[in-house]
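These are my notebook entries on one protein chain. I set down what I looked up, entry by entry.

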Amino acid sequence: QVQLVESGGGLVQAGDSLRLSCAASGRFFSIVAMGWYRQAPGKQRELVAVIRSGGGPTYADSAKDRFTISRDNAKDTVYLQMNSLKPEDTAVYYCNADIHTAWGTPTSIYWGQGTQVTVSS
């Protein structure tokens, strides 16, 4: 069973920074991609950033120039450094991973439980 455990959310003021972490645990063969999504109240879940094995990161327009996604392959952990936070960044942030649980099998998508980020003005 694969688990994604997030940490690092909280309440901050506009202009502050936060760093989210998400660690994958359990039995699996390899991680193809890890990323972050967010869902604000009354809105659909949306991509924030994703980083793929052997490839560069991809960002939503709202995250470019302010957020940085990085990955520590040795720890199976993905990070999201969020700078210059705005009230509109307020949302539940979910970690997402595309994982081969065994060699030669299709990948499966896993989600973390979500971590709340609240930015006050």
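**Entry 1: strand β11 and its partners.** I began with Gln-13 and found that Gln-13 stands opposite Ser-120 in β11. I note at the outset that the model is a predicted one. I then looked up the strands involved: β2 covers residues 10-13, and four bridges join β2 to β11. The two strands run parallel.

Next I turned to the pairing of β11 with β9. Three bridges join β9 to β11, and here the strands run antiparallel. Within this pairing, I recorded Gln-116 in β11 as the bridge partner of Val-92.

I also followed the side chains along β11, which spans residues 115-120. Which of them are buried, and which are not? Thr-115, Val-117 and Val-119 point to one face and are buried. Gln-116, Thr-118 and Ser-120 point to the other face and are not buried. The side chains of β11 thus alternate along the strand.

**Entry 2: Ala-91.** I stayed with β9, the strand in which Ala-91 lies. Is Ala-91 buried or exposed? I entered Ala-91 as buried, because its relative accessibility is 3% and the cut-off for buried is under 20%.

I then listed the contacts of Ala-91, leaving aside neighbours within four places in sequence. From β11, Ala-91 is in contact with Thr-115, Gln-116 and Val-117. The other contacts are Arg-38, Gln-39 and Ala-40. For Arg-38 I looked up the separation as well: Ala-91 and Arg-38 are 53 residues apart in sequence, yet their C-alpha atoms are 5.9 Å apart in space.

**Entry 3: the disulfide.** How many disulfides does a search of the whole structure find? The search returned one. I identified the pair as Cys-22 and Cys-95, with an S to S distance of 2.0 Å. The pair links distant parts of the chain, 73 residues apart. Cys-22 sits in strand β3 (residues 18-25), and Cys-95 sits in strand β9 (residues 91-100).

I looked up the torsion about the S-S bond and found about -80°, so I recorded the disulfide as left-handed. For burial, Cys-22 has a relative accessible area of 0% and is buried. Cys-95 also counts as buried, at 0% relative accessibility.

**Entry 4: Ser-30.** I placed Ser-30 in strand β4, residues 30-39. I entered Ser-30 as partly exposed, because its relative accessible area is 22%, and partly exposed lies between the 20% and 50% cut-offs. Not counting residues up to four places away in sequence, Ser-30 touches Ile-99 and His-100. I also took one C-alpha to C-alpha distance from Ser-30: Gln-3 is 27 residues away in sequence and 14 Å away in space.

**Entry 5: the whole chain.** I closed with the overall figures. The protein chain has zero helices and eleven strands. Its radius of gyration is 14 Å, close to the 14 Å that the globule rule gives for 121 residues, so I recorded the chain as being as compact as a globular protein of that length. Along the principal axes, the C-alpha atoms fill a box of roughly 50 × 25 × 25 Å.

Of the 121 residues, 38% are buried. The chain exposes about 6,500 Å², and carbon and sulfur atoms supply 48% of that area. Among contacts between residues at least 6 apart in sequence, I noted that 56% join residues at least 24 apart.

Note on methods:
Residues are numbered from 1 along each chain as its sequence is written. This is a predicted model: local features need pLDDT of at least 70, side-chain atom pairs count only at pLDDT 80 or more; totals for chains, interfaces and linings use all residues. Side-chain values use heavy atoms; hydrogens and water are left out. Buried means under 20% relative accessible area, exposed over 50%, partly exposed in between (1.4 Å probe, protein chains only). Contact means heavy atoms within 4.5 Å. A disulfide is a pair of cysteine sulfur atoms within 2.5 Å. Two strands pair if DSSP finds at least two bridges between them. The radius of gyration is taken over C-alpha atoms; the globule rule is 2.2 Å times the number of residues to the power 0.38. Accessible areas come from the Shrake-Rupley method with a 1.4 Å probe; for residues, only the protein chains shown count as cover.
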